[in-house]
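Open the viewer and get ready to select. The tour goes from the whole chain down to a few side chains.

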Amino acid sequence: MPTLVHPQANGQAESSNKIIVKFLKKNKKKRRWAEELPFVLWVDRITSKMVTGQTPCSLLFGTEVMIPTEVVIPTARYQLHDQENNDRILAYDLDTIDELMDPTRICISAYKQRIAKAYNKNIKVRRFQIDDLVLRKTFQNTKDPNSGKLAPKWEVPYLIDS
């Protein structure tokens, strides 16, 4: 459902939901989706995205997350953990997060350019001159409601003037 507060984010939410639903369908968890949802969200948050090449957590916090298995079955990463050193490194990472985001911003802008190029490759540029006649397509609100399905698809020709 689109939000009225942030309409520019509606497509992002739908895209994220599409990924989650696809993963739940793929794993045949239709009846137990509520139990599987936390795991699906966790996987989505720790998986690097194709556009940026980084995980959402690393973009937000500047560091990679530790998976729950590393806490249950101690690894070298978990056993050599020093809280004071970790807090100092995290504070430094948060101070330098803007420098870490620069390559990501470059990747995102390059991705947007590739998408725009793919979208615009089939567009035919039409140049109109003064005194040309053009047709305007009829839409639901400009169509005569009594004309039925045999109604014209175009309105009367318009003359282009300055």
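**The whole chain**

Among contacts in the chain between residues at least 6 apart in sequence, 41% link residues at least 24 apart. Keep in mind that this is a predicted model.

Color by secondary structure next. You should find seven helices and two strands. Trace the chain along its sequence, and the pattern reads α-α-α-α-α-α-α-β-β.

Now turn on the surface. The chain exposes about 14,400 Å². Carbon and sulfur atoms supply 60% of that area. How much of the chain is buried? Of the 162 residues, 12% are buried.

**Helix H2**

Select residues 33-46. This is helix H2, with 14 residues. From its first C-alpha to its last, H2 reaches 20 Å, close to the 20 Å expected at 1.5 Å a residue.

Which residues of H2 are buried? Show Glu36, Val40 and Asp44 as sticks: these are the buried residues of the helix. Look at their spacing with one rule in mind. An α-helix has 3.6 residues a turn, so residues three or four places apart point the same way.

**A nonpolar patch**

Select Phe23, Trp42, Val43 and Ile67. Together they form a nonpolar patch on the surface. Their combined accessible area is about 300 Å².

Zoom in on Phe23. Phe23 sits in helix H1, which covers residues 10-26. Why does Phe23 count as partly exposed? Its relative accessibility is 31%, and partly exposed means between 20% and 50%, so Phe23 falls in that class.

How values were computed. Residues are numbered from 1 along each chain as its sequence is written. This is a predicted model: local features need pLDDT of at least 70, side-chain atom pairs count only at pLDDT 80 or more; totals for chains, interfaces and linings use all residues. Side-chain values use heavy atoms; hydrogens and water are left out. Patches are made of residues with over 30% relative accessible area and no salt bridge: like charges are joined within 9 Å, nonpolar side chains (Val, Leu, Ile, Met, Phe, Trp, Tyr) within 5 Å. Accessible areas come from the Shrake-Rupley method with a 1.4 Å probe; for residues, only the protein chains shown count as cover. A salt bridge is a side-chain nitrogen of Lys or Arg within 4 Å of a carboxyl oxygen of Asp or Glu. Helices (H or I, at least four residues) and strands (E, at least two) are DSSP runs, numbered from the N terminus. Buried means under 20% relative accessible area, exposed over 50%, partly exposed in between (1.4 Å probe, protein chains only). The expected span of a helix is 1.5 Å times one less than its number of residues. Contact means heavy atoms within 4.5 Å.
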